[in-house]
Amino acid sequence: MERIPAFALRHPRWCALLLGLLSATGFQPLHIWLLGLAAMAAFVWLTYRQESGKSAFLTGWLFGVAHFTLTNNWIATAFTYQAEMPAILGWAAVPLLSLYLAVWPALASLGAWLVARGRGLLPFALALGGLWIGAEWFRSWVFTGYAWGPFSMMLLGSWDRPGLAVVLPWIGSYALSGLTVALCGIFAWTIAARRWIVAGGLVIAVVAAMVLPGPPPTQGTLPLTLVQPNLQQEELDDPSKYAEQFLRIASLSVPQRAVSRRLVLWPESGVPDYLRPGYPQRYYNQMTAGGDPAFARYQIGQTLGEGALLLTGAVDLRIEDVDGRARATGAYNAITPIDAEGNLGQRYAKAHLVPYGEYLPMRALLEPLGMRRLVAGSIDFIPGPGPQTFDFGPHGKAGMQICYEIVFSGEVVERGNRPDYIFNPSNDGWFGDWGPPQHLAQARMRAIEEGLPVLRSTTTGISAVIDASGIVRHHIGRNVADRIDTFVPPADEPTLFYGMDHWLTLIWSVLLLIGSLVAVRRIRR
């Protein structure tokens, strides 16, 4: 056994890369969380044993490069659904993105080494945990933010169990990540100190928490039809298939029994037509309703039936006068409410847009170099104002989060105007095999954090009804056209995280750093 630590210290860079890969296996869809936690424990020990701040930073950076490359491998698949750039560029884009993302664990590693260098593995573990919280929070907003894959994501249990994520209402996702890193370091400390009973107790406690069953379901009162039409990515932008797409989604939405009210949910990209009036006619000419947006709305209303309200993903345009001609100069990735009479409600516009997917950063510089958006179209999407709650009367108060927005902890609910549920329409058809289960996992985390049910309608799966405890009560698997008929699960009471937001995240970070300093003083004594 002594040979393994000796080898790791002689080859720290290769070991950091290996541990980064192994830690990513703790995420969905593999979800080998015990291996992921063990890899993090070994990484904490390896970083602590580095002899300089520079080598600690490099160890953290190499760990992050490997970890984020495997975690985000689904991004490469997105490049296969566009024709403007070579698909092989996707396999370069993933590690290139990871070179940047890895800076955050590297900074946390450097900071912990400076705080607790040579003062014991326990203080180092607590310091790394506290700084890891800050690193994940900074990563979520710097340069517009990329919050995908917090380390705490592996602590979700199976779909019918919340796992250790059950504590999210009191700490939040980023704090749970840091506490997990600290716990892994404490485990490494018990192994290094040969405290086998304590180490075994930690393992038993974590396993028990991960397998404990969740609460029984509670019945809601609002009837719900959630539709997954199985619109494959390669057909979404093909005008010759628009009519068939509408028939497919409409046939899955008709009422199966008479009810006084019903909420119907369609995914992002659920409507191939422009529904709002006032655009130049040329934009309507490829519509399924013969170029008439009023008739398109009427068709949808007739499909829904009396008492129904539809929330669907749709695209709205910004029309401006350009050289004397009305042109679309921007677009909104929106959720549009439509009632049974075909009347449109106020739209929600997506706020967290995907860089290079829905807009091209530094377009004036990158477009001449051949860079294009991955989503079809030459105009950029326009960001909306942020989380909003819409009161639909008998259909409840809805919070809206389109696709990727759901991964941003603390940014999914309008503070002071709490909804009854969160609607998360998505197009996961370009997410590969790893993206959809990870996306679902992060939607579950938002449900637990906020104490709100999350309703996910996707084009190709995984669609799901998630209750306020993060348990998937109903789902539709990938590449299946189907519907879910159920009731919207009730919301829980407002959580501590809802009330304090990321001030709670900061408190947990400071507590771990204080714990590190206290541990240093005790070791000195």
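**Figure 1. Packing of helix α3 against helix α10 in the predicted model.** In this predicted model, Leu37, Met40, Ala41, Val44 and Trp45 of α3 meet Thr180, Val181, Cys184, Gly185, Phe187 and Ala188 of α10, where contact means heavy atoms within 4.5 Å. By class, this contact has 9 nonpolar, 2 polar and no charged residues; Ala, Val, Leu, Ile, Met, Phe, Trp, Tyr, Cys and Pro count as nonpolar, Asp, Glu, Lys and Arg as charged, and the others, Gly among them, as polar. The axes of α3 and helix α10 (residues 173-192) are 8 Å apart and the helices pack at an angle of about 70°. Axes are lines fitted to C-alpha atoms, for helices over the stretch in contact, and angles run from 0 to 180 degrees between N-to-C directions. The two helices, α3 and α10, are therefore roughly perpendicular to each other; angles under 35 degrees count as roughly parallel, over 145 as roughly antiparallel, 65 to 115 as roughly perpendicular and the rest as oblique. Helices (H or I, at least four residues) and strands (E, at least two) are DSSP runs, numbered from the N terminus. Residues are numbered from 1 along each chain as its sequence is written. Because the model is predicted, local features need pLDDT of at least 70 and side-chain atom pairs count only at pLDDT 80 or more, while totals for chains, interfaces and linings use all residues; side-chain values use heavy atoms, with hydrogens and water left out.

**Figure 2. Packing of helix α3 against helix α4.** The axes of α3 (residues 33-48) and α4 (residues 53-71) come within 9 Å and cross at roughly 160°. Helices α3 and α4 are therefore roughly antiparallel to each other. The crossing of α3 past α4 is right-handed, that is, the near helix is turned clockwise from the far one by less than a right angle; an anticlockwise turn would make a crossing left-handed. On the α3 side, Met40, Phe43, Leu46 and Thr47 meet Ala56, Thr59, Gly60 and Phe63 of α4. The contact of α3 with α4 comprises 5 nonpolar, 3 polar and no charged residues. Met40 of α3 thus appears in the contact with α4 and also in the contact with α10.

**Figure 3. Strand β1 and its two partner strands.** All 6 of the 6 residues of β1 are buried, so the strand is largely enclosed by the rest of the structure; buried means under 20% relative accessible area, exposed over 50%, and partly exposed in between (1.4 Å probe, protein chains only). Pro223, Thr225 and Val227 are buried on one side of β1, and Leu224, Leu226 and Gln228 on the other. Strands β1 and β12 run antiparallel and are joined by 6 bridges, with leucine 226 bridged to isoleucine 484 in β12. Strands β1 and β2 run parallel and are joined by 3 bridges, and leucine 226 stands opposite leucine 265 in β2. Two strands pair if DSSP finds at least two bridges between them.

**Figure 4. The open sheet that contains β1.** Its 6 strands follow the order β5-β4-β3-β2-β1-β12, with mixed pairing. At the edges stand β5 (348-349) and β12 (482-487), each with a single partner strand, so one side of each is left without a neighbour in the sheet. Strands β3 (residues 308-322) and β4 (residues 325-339) pair in the antiparallel sense over 14 bridges; arginine 318 has glycine 330 in β4 as its bridge partner. Helix α13 lies across β2, β3 and β4 and runs at about 15° to β4.

**Figure 5. Helix α12 and the loop before it.** Tyr242, Gln245, Phe246, Arg248, Ile249 and Ala250 are the buried residues of α12 (residues 242-251). These buried residues pack against β1 (223-228) and α13 (293-304). Asparagine 230 lies in the loop between β1 and α12. Although not a glycine, asparagine 230 has a positive phi of about 60°; this residue is buried, with a relative accessible area of 16%.

**Figure 6. The second open sheet and a cis peptide bond.** Here 6 strands are arranged in the order β6-β7-β8-β9-β10-β11, and the pairing is mixed. The edge strands are β6 (389-391) and β11 (472-476), each with a single partner strand, so one side of each is left without a neighbour in the sheet. From one strand to the next, the twist averages 25°. Strands β8 (residues 421-423) and β9 (residues 454-456) pair in the parallel sense over 2 bridges, with isoleucine 422 bridged to valine 454 in β9. Glycine 461 and isoleucine 462 are joined by a cis peptide bond with omega about 15°; isoleucine 462 lies in the loop between β9 and β10 (463-466).
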